[in-house]
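Here is a quick walk through a fold, starting with one helix pair and working outwards. Have the model open while you read.

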Amino acid sequence: MSSYLIEPNERVKKVLARLEAKGIDLFADTSQKSRQAASSGSRDEFLSRLNALMNAVGGVKADTHVRSRAEQADLYRRKPGLAARPGHSKHEVGIAADVSGNKASIAKMHALAPKYGLRFPMDYEPWHIQL
Ligand SMILES: [Zn+2]
């Protein structure tokens with residue numbers, strides 16, 4: 001997803017929501033990984049995979065709070081090198097979480113994530129997991 005140049009009206013929002021429900025993201029990144037994530041990406045699917053992984057690992061917590069565009073914009077302003085640009089964060093669409101736990105649990109989570117169709121895409125954010 002990319003930032004809207006203009007805020008879409010209600011009718012456009014409904015069309016976008018319908019497309020999104022079908023797994024179609026008009027603003028999807030063109031990279032292979034992003035396309036895969038977008039095509040399989042739904043919040044419910046992410047949460048069920050994350051729950052299964054967390055049950056398998058044990059002792060980890062996840063912040064699955066969905067960030068609004070405004071919250072992401074605020075975070076980006078405060079941490080431009082770390083936070084994704086508004087419209088580019090998987091947190092906004094609810095298919096990312098930030099996990100916490102002891103070192104061993106997090107390491108186990110990294111090892112098992114691919115088995116659950118999840119990934120830790122950023123080396124510099126070892127706590128960030130997403131579809
Ligand atoms: Zn994150």
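Let's begin with two helices: α3 and α5 pack at an angle of about 130°, and their axes are 10 Å apart. Angles over 145 degrees would count as roughly antiparallel and 65 to 115 as roughly perpendicular, with oblique covering what is left once the roughly parallel ones are also set aside. α3 and α5 are therefore oblique to each other. As for handedness, the crossing of α3 past α5 is right-handed. Bear in mind that this is a predicted model.

Which residues make the contact? On the α3 side they are Leu53, Ala56 and Val57, and they meet Ser105, Lys108, Met109 and Leu112 of α5.

**The chain as a whole**

Stepping back, the protein chain has 5 helices and 3 strands. Read from the N terminus, the order of elements is α-α-α-β-α-β-α-β. Of its 131 residues, 20% are buried. If you take contacts between residues at least 6 apart in sequence, 63% of them join residues at least 24 apart.

**The sheet**

The 3 strands make an open, antiparallel sheet, ordered β1-β2-β3. Its edges are β1 (60-63) and β3 (128-130), each of which pairs on one side only. On average, neighbouring strands here are turned by 40° against each other, direction ignored.

How many bridges hold each pair? β1 and β2 run antiparallel and are joined by 4 bridges, while β2 (residues 96-101) pairs with β3 in the antiparallel sense over 3 bridges. Some of the residue partners are listed here:

| Residue | Partner | Strand of the partner |
|---|---|---|
| Lysine 61 | Serine 100 | β2 |
| Alanine 96 | Glutamine 130 | β3 |
| Alanine 97 | Isoleucine 129 | β3 |

Both helices from the opening also pack on this sheet. Helix α3 (residues 43-57) touches β1, β2 and β3, and its direction makes about 160° with that of β1. Helix α5 (residues 103-112) touches β1 and β2, with its direction at about 140° to that of β2.

**The core**

In soluble globular proteins, nonpolar side chains tend to be buried together. In this model, the largest nonpolar core has 14 residues, and the ones touching the most other members are Leu50, Leu53, Ile95, Ala97, Leu118 and Ile129. Two elements, α3 and β2, give two or more residues to this core. The top contributor is α3, with 5 residues.

What does leucine 50 touch, leaving aside its neighbours within four places in sequence? It is in contact with Ala62, Ala97, Leu118 and Ile129. Two of those names should look familiar from the table, where alanine 97 has isoleucine 129 as its bridge partner. Leu53 is also worth a second look, since it appears in the core list and again among the α3 residues that meet α5.

**A loop residue to finish**

Asparagine 102 sits in the loop between β2 and α5. Is this residue buried or exposed? Asparagine 102 has 10 other C-beta atoms within 10 Å, and because 12 or fewer counts as exposed, it is exposed. Its C-alpha lies 7.7 Å from that of glycine 59, although asparagine 102 and glycine 59 are 43 residues apart in sequence.

Key
Residues numbered from 1 in each chain as written. Predicted model: local features only at pLDDT ≥ 70, side-chain atom pairs only at ≥ 80, totals over all residues. Pairing = 2+ DSSP bridges. Axes fitted to C-alpha atoms, helices over the stretch in contact; angles between N-to-C directions. Contact = placed C-beta atoms within 7 Å. Core = buried A, V, L, I, M, F, W, Y, C linked by C-beta atoms within 7 Å. Parallel < 35°, antiparallel > 145°, perpendicular 65-115°, else oblique. Left-handed = near helix turned anticlockwise from the far one by under 90°.
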